[in-house]
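Please walk me through this model in the viewer, one selection at a time. I would like to know what to select next and what is there.

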Amino acid sequence: MSIPFPSLDFDPEIVWKFLFNSVILEGAQRTIVVAIAAQVLGVVLGLLSALMRMSKNPLLNVPANLYVWFFRGTPLLIQLLFWYNGVPQLFDNPDITRELTSFRVAIFALGVNEGAYMTEIVRAGIESVEAGQMDAAKSLGMTSAKAMRRIILPQALRVIVPPTGNEFIGMLKNSSLAFAIGLMELLSASRSIYVVNFKILELLAVASIWYLVMTTLFSLAQAELESRLAVGVRERPLTLFGRMTEAFGTARARFR
Amino acid sequence: MIRCQEVHKRFGRLEVLRGITFDVAKGEVVVVIGPSGSGKTTLLRCINHLEAVNAGRIYVDGQPVGYREVKGRFVEKSEREVARMRASIGMVFQRFNLFPHLTALGNVIDAPIHVRKLGRSKALEAGRAMLAKVGLGDKLHAYPAQLSGGQQQRVAIARALAMEPKVMLFDEPTSALDPELVGEVLEVMKSLAREGMTMIVVSHEMGFAREVADRMMLMDEGVIIEEGPPAQFFNNPRHERTKLFLSKIL
């Protein structure tokens with residue numbers, strides 16, 4: 001590629017050559033696996049943490065608040081490095097250290113970090129459900145736990161899913177930070193090739209193309225999921241309030 | 001069936017219930033009226049412990065609500081015990097509060113299956129019967145969003161009845177409805193009353209009250225101003241406040 005940038009040393013043929021390279025593909029696969037596992041962990045932690053944060057019991061809401069504050073307030077890269085280097089030191093046991101592979105630590109660190117962000121998303125989802133729903137559930141004899149599981153959370157999902165999809169797209173990309181702890185994900189795979197053939201830009205282009213493929217495919221899947229979730233329930237019950245906001249077409253009426 | 005003794009309820013510094021004492025006998029229908037802010041909704045919410053009282057006692061069918069009596073002292077009940085008690089106190093809300101992610105039938109059978117642990121087929125049978133009773137036998141699989149306000153409220157009544165409550169509490173059940181839809185809900189409530197259900201109804205539907213109430217009760221600023229049978233209450237109110245209120249709404 002000498003025109004229009006004569007000094008740019010970039011050979012698209014090399015990009016094509018390495019696009020389906022087995023090391024690259026393995027790296028991409030590992031990226032997907034780590035991202036999915038970490039996101040699941042993040043959602044679970046986020047749910048627990050959101051419930052704890054919403055509790056009136058300080059034994060529950062204080063640790064949850066500290067968790068969110070700390071893991072949102074420090075760089076993910078530092079967290080990865082801390083877990084990877086710090087945890088083995090806690091045990092000082094070679095057998096345990098051997099089990100703490102980059103793969104497992106990456107999933108854990110990414111998941112714990114994600115949980116802090118998911119907390120807010122889950123909390124917003126739960127709070128978006130009208131207070132009357134909990135009243136009705138309780139008046140039928142449900143404990144708040146049962147009401148939460150059967151009535152509140154299913155409705156909260158409608159508000160939780162879209163931002164969670166965005167979080168997952170971020171997770172796919174954030175997983176690249178795990179190269180710093182030795183995980184052979186997509187970025188590391190492309191690095192392992194360019195440190196040998198020095199074709200840095202081409203290999204980074206290969207990695208970028210795969211990241212784009214993954215994030216784009218997922219975005220399409222998310223759009224499909226969202227439109228399916230909206231099919232069963234078209235709009236909120238037509239209470240007087242609902243009718244008024246519908247008439248004025250405010251964001252409230254469109255917000256699910 | 002329901003007994004309130006000197007019930008006080010405060011929200012922060014705002015005193016909403018200031019010494020409510022009254023009884024409701026089994027099978028009695030009491031209609032509560034009063035201006036907004038008088039504490040009518042709060043009173044209902046205290047009866048099924050959706051709100052905890054600050055002072056006083058409430059008993060439903062002889063059992064203290066929210067508290068257990070242990071050796072003469074009152075100990076707060078666990079959430080599970082309160083939930084169990086709530087299962088026999090039915091409540092119908094102004095805004096229906098149907099579960100939008102479940103069909104009409106789904107709404108009605110959910111609590112019997114998951115709270116009363118009734119088998120699914122039994123619950124379905126009972127649910128279908130209950131919905132037919134409120135006139136919605138053909139709407140079993142409709143979602144709340146597909147139903148009119150009156151239909152939704154009737155589902156809400158069926159849902160509460162499906163738990164076989166001893167008492168039904170109605171918090172302005174028709175206030176959020178279009179006028180044409182009010183009648184169908186009141187009909188259901190009237191037949192419920194005729195069947196002998198113990199009911200406390202907060203409502204402004206005076207026609208309904210005159211027809212069905214055994215007793216009327218006026219509340220204002222957290223106290224009961226007057227109570228009595230409808231004939232005496234409407235035609236010969238004793239208190240000035242009652243006369244004033246009735247003149248404004250009749």
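Among contacts in chain A between residues at least 6 apart in sequence, what percentage join residues at least 24 apart? The share is 75%. Keep in mind throughout that this is a predicted model.

**Stop 1: chain A as a whole**

Select chain A and show it as a cartoon. Twelve helices and zero strands appear, so coloring by element gives an unbroken α series from the N terminus on. Chain A has 256 residues, and 41% of them count as buried. Switch to a surface: chain A exposes about 14000 Å², with 68% of that area supplied by carbon and sulfur atoms.

**Stop 2: helix H1 of chain A**

Select residues 12-19 of chain A, which form helix H1. The buried residues here are A:Ile14, A:Val15, A:Phe18 and A:Leu19. Why do they fall on the same side of H1(A)? Because they cover an arc of only 140° around the axis. Now rotate to the face turned away from that buried side, where the exposed residues A:Glu13, A:Trp16 and A:Lys17 are found.

**Stop 3: helix H6 of chain A**

Move to residues 102-127 of chain A, helix H6, and show A:Glu120 and A:Arg123 as sticks. The two form a salt bridge, with the closest N and O atoms 2.9 Å apart. They are three residues apart in the helix, which means a separation of about one helical turn. A:Arg123 counts as partly exposed, at 25% relative accessibility.

**Stop 4: the contact between the chains**

Show both chains and select the residues in contact: chain B contributes 31 residues and chain A contributes 28. The area buried between chain B and chain A is about 2700 Å², and carbon and sulfur atoms give 57% of it. On the chain B side, pick B:Phe99, B:Pro100 and B:His101; these lose the most area to chain A, together 20% of what that side buries.

How many salt bridges does the rule find across the interface of chain B and chain A? It finds two. To see a salt bridge between the chains, select B:Arg45 and A:Asp135, whose closest N and O atoms are 2.8 Å apart.

**Stop 5: helix H1 of chain B**

Select residues 40-47 of chain B, helix H1, and locate B:Thr42 within it. Is B:Thr42 buried or exposed? B:Thr42 is buried, with a relative accessible area of 12%. Leaving out residues up to four places away in sequence, B:Thr42 touches B:Lys9, B:Phe11, B:Val16 and B:Leu17.

**Stop 6: the nonpolar cores**

Next, look at the largest nonpolar core, which has 53 residues. Those with the most contacts inside it are B:Leu43, B:Ile47, B:Leu169 and B:Ile200. Helix H8 of chain A, residues 144-174, gives the largest share of this core, seven residues.

Center on B:Ile47. Residues up to four places away in sequence aside, B:Ile47 touches B:Ile2, B:Cys4, B:Ile58, B:Val60, B:Val65, B:Ile89, B:Leu169 and B:Ile200. Another core lies apart from this one; it has 50 residues, including B:Ile157, B:Val188, B:Met189 and B:Leu192.

**Stop 7: salt bridges within chain B**

Over all chains, the structure holds 20 salt bridges. Select B:Arg3 and B:Asp23, a pair whose closest N and O atoms are 3.1 Å apart. B:Arg3 lies in strand S1 (residues 2-11) of chain B and B:Asp23 in strand S2 (residues 14-24) of chain B, so this salt bridge ties together parts that are 20 residues apart in sequence. B:Arg3 is partly exposed, with a relative accessible area of 39%, and B:Asp23 is partly exposed at 35%.

Then select B:Glu28 and B:Arg215, a salt bridge with its closest N and O atoms 2.8 Å apart. This pair links distant parts of the chain, 187 residues apart: B:Glu28 is in the loop between S2 and strand S3 (29-33) of chain B, and B:Arg215 is in strand S11 (residues 215-220) of chain B. B:Glu28 counts as buried at 14% relative accessibility, and B:Arg215 counts as buried at 13%.

**Last stop: a network**

Finish by selecting A:Arg53, A:Glu120, A:Arg123 and A:Glu127, which salt bridges with shared partners join into one network.

Conventions:
Residues numbered from 1 in each chain as written. Chains lettered and ligands numbered in written order. Predicted model: local features only at pLDDT ≥ 70, side-chain atom pairs only at ≥ 80, totals over all residues. Heavy atoms only, no water. Buried < 20%, exposed > 50% of the residue type's maximum accessible area, 1.4 Å probe, protein only. Helix = DSSP H or I, 4+ residues; strand = E, 2+ residues; numbered from the N terminus. Arc of directions from axis to C-beta. Core = buried A, V, L, I, M, F, W, Y, C linked by side-chain atoms within 4.5 Å. Contact = heavy atoms within 4.5 Å. Areas by Shrake-Rupley, 256 points an atom, 1.4 Å probe, with all protein chains shown as cover. Buried area = accessible area lost by both parts, 1.4 Å probe. Salt bridge = Lys/Arg side-chain N within 4 Å of Asp/Glu carboxyl O.
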